[in-house]
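The following exercises are intended for a reader who meets this structure for the first time. Each task is followed by a solution in steps.

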Amino acid sequence: MMMGGCDSIQANMAESCAWLLVLSTVFLCNLFKALLPSFSSILSRFLQKDAEQEYQMRCEIQSMRQELSSISMMDEFARYARLERKINKMTDKLKTHVKARSAQQAKVKWVVSIAFYVLQAALMISLIWKYYSEPVTVLPSKWIAPLERLVAFPTGIAGGVGVTCWLVVCNKVVAIMLYPIS
């Protein structure tokens, strides 16, 4: 008999913490969303292998330009022209590498963003599914009197705060709190 009472108390405590679960979920999602560009950049740098090669190419171009500036165009035209063509070829190759790297970074950022938004949508849908018929929390009816039905949606319980309303409020409050970070 005592076990049944303990189980119902634990169930009531779990239900009363629903607002905190939803709030913490929304907070973590918004925090991750604010940090998403940094995470994408770090991930794309980690996956990037051409950065060292590009650095070497830049150094080589710089040294060839210094050598070119020391050559007299009038006195050693053939050598000057060969070195200038070599610089142009190396510069074009570097531009190609940079474009490819930029495309790869954009692709990584796109994939990370899509994965995050799919995960976030699945998480929000699961919260709505779990708390669809029961209020996240119950407030005195007169606190939300003119908007009581809207706030209680989809539960329909007087004074109840439905999960959809709570998600909207939490998203807005957390977005305002995290605005300085993003």
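The exercises below concern a predicted model and proceed from the whole chain to single residues.

**Exercise 1. The chain as a whole**

Determine how many helices and strands the protein chain has, and in which order the elements run.

Solution. Step 1: the count gives six helices and two strands. Step 2: read from the N terminus, the order is α-α-α-α-β-α-β-α. Step 3: the protein chain has 182 residues, and 27% of them are buried. Step 4: its accessible surface is about 12900 Å², with 66% belonging to carbon and sulfur atoms. Step 5: among the contacts with a separation of 6 or more, 65% are between residues 24 or more positions apart.

**Exercise 2. Annotated regions**

State which residues the UniProt entry lists as "transmembrane region" and as "coiled-coil region", and describe the chain there.

Solution. Step 1: the unreviewed UniProt entry gives "transmembrane region" for residues 18-36, 110-132 and 152-179. Step 2: in the model, residues 18-36 are 100% helix and 0% strand, with 27 Å between the end C-alpha atoms. Step 3: residues 152-179 are 61% helix and 7% strand, and here the end C-alpha atoms are 28 Å apart. Step 4: the unreviewed entry also lists residues 73-100 as "coiled-coil region". Step 5: in the model this span is 86% helix and 0% strand, and its end C-alpha atoms lie 35 Å apart.

**Exercise 3. Length and faces of helix 6**

Compare the expected span of helix 6 with the distance between its end C-alpha atoms, then find where its buried residues lie.

Solution. Step 1: helix 6 covers residues 163-178, which makes 16 residues. Step 2: at 1.5 Å a residue the expected span is 22 Å, and the end C-alpha atoms are 22 Å apart, so the two values agree. Step 3: the buried residues of helix 6 are Val 163, Trp 166, Leu 167, Cys 170, Val 174 and Leu 178. Step 4: viewed down the helix axis, these buried residues fall within an arc of 100°, and therefore they line one face of helix 6. Step 5: Val 168, Lys 172 and Ile 176 are exposed on the other side of helix 6.

**Exercise 4. Aromatic pairs**

Find how many aromatic pairs there are, and classify each as stacked, tilted or edge-to-face.

Solution. Step 1: the count is two aromatic pairs. Step 2: in the pair of Phe 32 and Phe 116, the ring centres are 5.2 Å apart and the planes stand at 40°, so this pair is tilted. Step 3: Phe 32 belongs to helix 2 (residues 18-47) and Phe 116 to helix 4 (residues 77-130), so the pair ties together parts 84 residues apart in sequence. Step 4: Phe 116 also pairs with Tyr 117, at 5.1 Å centre to centre and 65° between the planes, which is edge-to-face. Step 5: Phe 32, Phe 116 and Tyr 117 thus form one aromatic cluster. Step 6: with 6% relative accessibility Phe 116 is buried, whereas Phe 32 at 34% is partly exposed and Tyr 117 at 41% is partly exposed.

**Exercise 5. The setting of Thr 25**

Decide whether Thr 25 is buried or exposed, and name the residues that Thr 25 touches.

Solution. Step 1: Thr 25 is located in helix 2. Step 2: a residue counts as buried under 20% relative accessible area; Thr 25 has 12%, so Thr 25 is buried. Step 3: leaving aside residues up to four places away in sequence, Thr 25 touches Leu 123, Met 124 and Leu 127.

Technical notes. Residues are numbered from 1 along each chain as its sequence is written. This is a predicted model: local features need pLDDT of at least 70, side-chain atom pairs count only at pLDDT 80 or more; totals for chains, interfaces and linings use all residues. Side-chain values use heavy atoms; hydrogens and water are left out. UniProt positions are given in the numbering used here, feature names are shortened, and annotations may be inferred rather than shown by experiment. Helices (H or I, at least four residues) and strands (E, at least two) are DSSP runs, numbered from the N terminus. The expected span of a helix is 1.5 Å times one less than its number of residues. Buried means under 20% relative accessible area, exposed over 50%, partly exposed in between (1.4 Å probe, protein chains only). The arc is that of the directions from the helix axis to the C-beta atoms. Contact means heavy atoms within 4.5 Å. Accessible areas come from the Shrake-Rupley method with a 1.4 Å probe; for residues, only the protein chains shown count as cover. Rings of Phe, Tyr and Trp (its six-membered ring) pair if their centres lie within 6.5 Å; planes under 30 degrees apart count as stacked, over 60 as edge-to-face and the rest as tilted.
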